[in-house]
Amino acid sequence: MALAQFPAVARAVEARLAIINNTPDEHFSEASRRGSYPIPMREMWACSMAFAPMSRADAELVAAFCEQHDGRVTSFKHALGFGVFRPTVQPGVTLSANAARGANTLSVNVPTGGFPAGTLINIGDIETSRFQLLEVLAAVGAGAQTIAIAPRLRFAFNAGTGMASNAVFGKWQLARDDVGRPVVDVSSGAMSVEFIEATA
Amino acid sequence: MRLQAWPAAAKITAQAFAIEAHSRGAVLPSGIGGFEIATGARFTGQVSVAPMLPNDAFAFRAFLHSLRGRGGSFMLPIGAWLEATRTGGAPTTSSLASASSAGSDTVSIALATGVTLNAGNLIVVGDPAFSGQVVRVVSVSVGATISATVRPRLRVAFGSGALVRFAGMTARCRLVGNPPAVAIAAGGRSLPLQIDIEEDY
């Protein structure tokens with residue numbers, strides 16, 4: 001069954017995207033020189049979104065959607081639009097060299113206009129587990145570039161794999177099991193919801 | 001990534017530093033668990049960042065993520081109010097007038113005319129990107145060559161002539177934990193942000 005999309009009636013007015021469970025690139029400190037870290041599979045996105053006030057009916061629709069997903073059990077997708085989630089960029093890039101599992105850089109041909117730092121891109125098929133939301137960590141210009149990314153790749157991807165940088169989605173689960181529905185303000189219908197990245 | 005420059009678009013509105021894990025640099029009377037001289041104490045603090053335009057905020061979010069939690073480090077600009085008092089275009093740096101050993105809590109500095117070092121000021125001894133260290137002056141003698149008592153104690157020895165910076169300083173810091181989320185709101189700005197940091201050494 002295709003991944004359900006978070007109801008469009010919920011319009012995000014504030015987003016707090018962050019990567020949690022980070023794994024360092026290098027040794028923990030120069031003083032301790034304690035061992036390097038294994039390839040991380042744990043770096044993942046977390047997000048708190050605040051939505052604009054909506055009608056009571058729409059708010060109940062959103063609440064029903066959340067309840068349908070049984071807390072952290074099932075996944076859904078949410079479009080990450082320009083403005084509160086990411087800067088505006090040109091669409092579409094492809095991987096120009098194979099990328100290994102655990103990689104924190106990608107070789108791509110960056111489109112005209114380049115990628116500003118904070119650009120979000122998707123790699124892989126969102127309907128499968130081989131999918132990730134990635135952030136470009138440092139600005140790059142157009143052309144053949146090696147871009148620094150986070151989180152690290154959980155899977156290897158072959159050269160030629162398409163990556164979306166225009167219509168970008170997050171693949172999420174609700175962050176809490178014990179909240180059957182987001183808190184709805186009776187007077188406005190505004191709500192905020194905590195998401196955590198779905199990695200399967 | 002390590003030794004990242006602090007993004008210019010992230011304007012610091014406030015910063016507060018405190019020293020945690022003070023050490024007397026001596027073995028306890030019981031003889032149990034003595035620390036090596038001055039290896040425990042470090043600065044920790046909070047940095048408040050002003051709201052930014054969205055693209056600056058996205059870039060700042062990427063900067064925080066590039067640190068990958070506690071593994072990365074960045075060079076944090078130190079607020080001007082923590083600098084020595086300078087008049088008449090006085091220099092921003094000086095040098096140690098004599099060598100200081102690891103574990104020492106005093107430094108001797110040859111100050112140029114127009115520079116006054118006060119208790120409460122921060123100074124940087126050595127190169128902060130490597131083994132240099134930020135210390136707070138807790139008391140200071142008067143004169144051209146001053147003797148300043150500092151905290152935390154020096155972690156490494158510095159030779160006579162080592163660079164001492166007392167204005168335009170940076171400290172090598174890292175995040176205390178996961179990067180904080182940068183809140184970006186519709187309407188074209190991010191929300192103010194506070195970051196917990198600690199000295200990276």
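A salt bridge is a side-chain nitrogen of Lys or Arg within 4 Å of a carboxyl oxygen of Asp or Glu. This is a predicted model, in which local features need pLDDT of at least 70 and side-chain atom pairs count only at pLDDT 80 or more, while totals for chains, interfaces and linings use all residues. Residues are numbered from 1 along each chain as its sequence is written, chains are lettered from A in the order in which they are written, and side-chain values use heavy atoms, without hydrogens and water.

**Exercise 1. Salt bridges in chain B**

Task: Describe the salt bridge between Arg2(B) and Asp200(B) and state which parts it ties together.

Solution. Step 1: the side chains of Arg2(B) and Asp200(B) meet with N and O 3.0 Å apart. Step 2: Arg2(B) lies in the segment before strand 1 (4-5) of chain B and Asp200(B) in the segment after strand 16 (193-199), so the pair ties together parts 198 residues apart in sequence. Helices (H or I, at least four residues) and strands (E, at least two) are DSSP runs, numbered from the N terminus. Step 3: burial is judged by relative accessible area, with buried under 20%, exposed over 50% and partly exposed in between (1.4 Å probe, protein chains only). Arg2(B), at 15%, is buried, and Asp200(B), at 3%, is buried too.

Task: Locate the partners of the salt bridge between Arg155(B) and Glu199(B).

Solution. Step 1: the closest N and O atoms of Arg155(B) and Glu199(B) are 2.9 Å apart. Step 2: Arg155(B) sits in the loop between strand 11 (145-151) and strand 12 (163-165) of chain B, and Glu199(B) in strand 16 of chain B, 44 residues apart. Step 3: Arg155(B) is buried at 16%, as is Glu199(B) at 6%. Step 4: a network of salt bridges with shared partners joins Arg2(B), Arg42(B), Arg70(B), Arg172(B), Arg174(B), Glu198(B) and Asp200(B). Over all chains the structure has 14 salt bridges.

**Exercise 2. A salt bridge within a helix**

Task: Place Glu60(A) and Arg56(A) in their helix and state their exposure.

Solution. Step 1: both residues lie in helix 1 (residues 56-68) of chain A, four residues apart, about one turn of the helix. Step 2: their closest N and O atoms are 3.5 Å apart, forming a salt bridge. Step 3: Glu60(A) is partly exposed at 31%, and Arg56(A) is partly exposed at 43%.

**Exercise 3. The seven-stranded sheet**

Task: Give the strand order and identify the edges.

Solution. Step 1: the open sheet runs 3(A)-10(A)-11(A)-2(A)-1(A)-14(B)-15(B), with antiparallel pairing. Strands pair if DSSP finds at least two bridges between them. Step 2: strand 3 (76-79) of chain A and strand 15 (189-190) of chain B are at the edges with a single partner each, so one side of each has no neighbour in the sheet. Step 3: strand 2 (residues 44-51) and strand 11 (residues 191-197) of chain A are joined by six bridges. Ala50(A) has Ser192(A) in strand 11 as its bridge partner.

**Exercise 4. Helix 1 of chain B**

Task: Compare the expected span of helix 1 of chain B with the distance between its ends, and state how far the helix is enclosed.

Solution. Step 1: the expected span is 1.5 Å times one less than the number of residues. Step 2: the 13 residues (54-66) should span 18 Å, and the end C-alpha atoms are 18 Å apart, which agrees. Step 3: 10 of the 13 residues are buried, so the helix is largely enclosed by the rest of the structure. Among them are Phe58(B), Phe60(B) and Phe63(B). Step 4: Arg68(B), which follows the helix, has a positive phi near 50 degrees.
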